[in-house]
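Let us walk through this structure together, one part at a time. Please keep the sequence and the 3D view at hand as you read.

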Amino acid sequence: MGGWTLGIESTAHTLSFGLVDSDGNPHPACSDTVRPDKGGIHPREAADHHKEVAHSLFTSLLETYQLSPTDIGAVSFSQGPGLGPCLRVGAAIARGISSRLSVPLIGVNHCVAHIEIGRQQCGCNDPVLLYVSGGNTQVIAHLDGKYRVLGETLDIGIGNMLDKFARVQGIPFPGGPVIEKLAAEWLALQDNPSLNGLELPFAVRGMDLAFSGVMTAAQRLIENGAELGAVCWSLQEHAFAACVEVAERALSHTGKKELLLGGGVACNSRLRTMCEQMAEERESTSHAPPRMYCIDNGTMIALLGRIELDNGRQTPYEESGVEQYLRTDQTQVTWAV
Ligand code: ATP
Ligand code: FE2
């Protein structure tokens, strides 16, 4: 197939247009994230934001790469999972561009796109995946044509947990990066950092995880007078250790030797280090893609669209409706391993 593949990401807070070129190489996306003045992400407000910025974002993508619309040979979009109103904006834009240019339309699974950009960027072959984002926290491995979920959060995603804790402290969305900064700054001032008095419940439930209890307990530490930086540090240590433990068990059960991180929380340096240490102890390796490809981006959508197209899949117009509750393990993976 010739031409560039356009990818449109709109599952939640971010509208993003990304590209892979005719040789299948990914290129950085043009993105815009809604930042509510107060409170969390409201689906309809986020959808309005996406509609408002769509035209100028698409224009700046074409300008950045010196392309004209006719250079686009296929259009891919996040079909799910995500917030209904946001997903529908991306799908509508994708249908419009596809029919205007008479090029194939491919609706893809957002979670699988996080995985594929990581595999492509890190050169992993058959990894165990630790997918840690706002809405999702899953440990995944490929088996018999699907990405199987070996363990996942039973309540909220780890990113949502960090964002909600931050919000109560008056830190705007996204809270994860600020928590990382506050934790590092606090740690740098400690001679002998200790979790004494900063203990939080453990989030592991068998192969699954649960984060709302950890968040409430962290909140209580603040109410009882603990320093914000100290609690941010403890929150990261506890929540990340739980993810690393489940990931380690998955490596052990499957006998796989590579761990791959994906999703927005995979931007976190402390989490990356903890995964590397665990992998090293098991004579395995841990990998994480560049940060611009961890957070939601159109490039990963373009990449998965291109992979699916090369494997003979397209989405007919009448099947291009959005799927809010699409799961990682619902997508047939014909290309991996
Ligand atoms: P999904 O639909 O896959 O759940 P998402 O909508 O949550 O995706 P992402 O961009 O994948 O979007 O992830 C956003 C999350 O990543 C937010 O919760 C944000 O706080 C978190 N995050 C971003 N950077 C960091 C960081 N450095 N440390 C911790 N968390 C981070
Ligand atoms: Fe995401």
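A good place to start is Val108, which is buried, with a relative accessible area of 1%; because the cut-off for buried is under 20%, this residue qualifies. Bear in mind as we go that this is a predicted model. Val108 sits in strand S5. Leaving out residues up to four places away in sequence, Val108 touches Ser76, Phe77, Ser78, Gln79, Gly80, Ile301, Leu304, Gly305 and Glu308. Val108 also lies 9.7 Å from Gln314, C-alpha to C-alpha, although 206 residues separate the two in sequence.

From here we can step out to the sheet. Its 5 strands form an open sheet with mixed pairing, in the order S3-S2-S1-S4-S5. Strand S3 (26–33) and strand S5 (105–109) are at the edges and have a single partner strand each, so one side of each is left without a neighbour in the sheet. On average, and with direction ignored, neighbouring strands are turned by 20° against each other. Look next at strand S2 (residues 14–20), which runs antiparallel to S3 and is joined to it by 6 bridges. In one of these strands, S3, you will find Pro26, the bridge partner of Val20.

Helices come next. Helix H1 (residues 43–64) lies across strand S1 (4–9), S2, S3 and strand S4 (72–80), and runs at about 25° to S2. Helix H3 (residues 110–122) packs on the sheet as well, where it touches S1, S3, S4 and S5. The direction of H3 makes about 90° with that of S5.

Now follow H3 to the metal. Which residues coordinate the iron ion (ligand 2)? They are His110 (NE2), His114 (NE2) and Asp296 (OD), at 2.0 to 2.2 Å. Along the sequence, these donor residues are spaced H-x3-H-x181-D. His110 belongs to helix H3, while Asp296 is in the loop between strand S12 (285–287) and helix H9 (298–310), so this pair ties together parts that are 186 residues apart in sequence. Both His110 and Asp296 are buried.

H3 and H9 also pack against each other, at an angle of about 90° and with their axes 8 Å apart. The two helices are therefore roughly perpendicular. On the H3 side, the contact is made by His110, Val112, Ala113, His114, Glu116, Ile117 and Gln120. H9 contributes Thr299, Met300, Ile301, Leu303, Leu304 and Ile307.

Let us finish with the nonpolar cores. The largest one has 51 residues, and those with the most contacts inside it are Ile158, Met161, Phe211, Leu235 and Leu259. Among the elements giving two or more residues to this core are strand S6 (128–132), strand S7 (137–143), helix H4 (158–168) and helix H7 (228–254). H7 gives the most, with 14 residues. Ile158 itself is in contact with Val132, Ser133, Gly134, Thr137, Phe211, Ala239, Phe240, Cys243 and Val265, leaving aside neighbours within four places in sequence. A second, separate core has 29 residues, including Ile8, Val53, Tyr65 and Ile93.

H4 deserves one more look. Its buried residues include Ile158, Gly159, Met161 and Leu162, and what covers the buried residues of H4 includes S6, S7, H5, H6 and H7. Just after H4, Gly170 takes a positive phi of about 85°.

Notes:
Residues numbered from 1 in each chain as written. Chains lettered and ligands numbered in written order. Predicted model: local features only at pLDDT ≥ 70, side-chain atom pairs only at ≥ 80, totals over all residues. Heavy atoms only, no water. Pairing = 2+ DSSP bridges. Helix = DSSP H or I, 4+ residues; strand = E, 2+ residues; numbered from the N terminus. Axes fitted to C-alpha atoms, helices over the stretch in contact; angles between N-to-C directions. Contact = heavy atoms within 4.5 Å. Donors = N, O, S within 2.8 Å, 3.2 Å for Na, K, Ca; no water. Buried < 20%, exposed > 50% of the residue type's maximum accessible area, 1.4 Å probe, protein only. Core = buried A, V, L, I, M, F, W, Y, C linked by side-chain atoms within 4.5 Å. Parallel < 35°, antiparallel > 145°, perpendicular 65-115°, else oblique.
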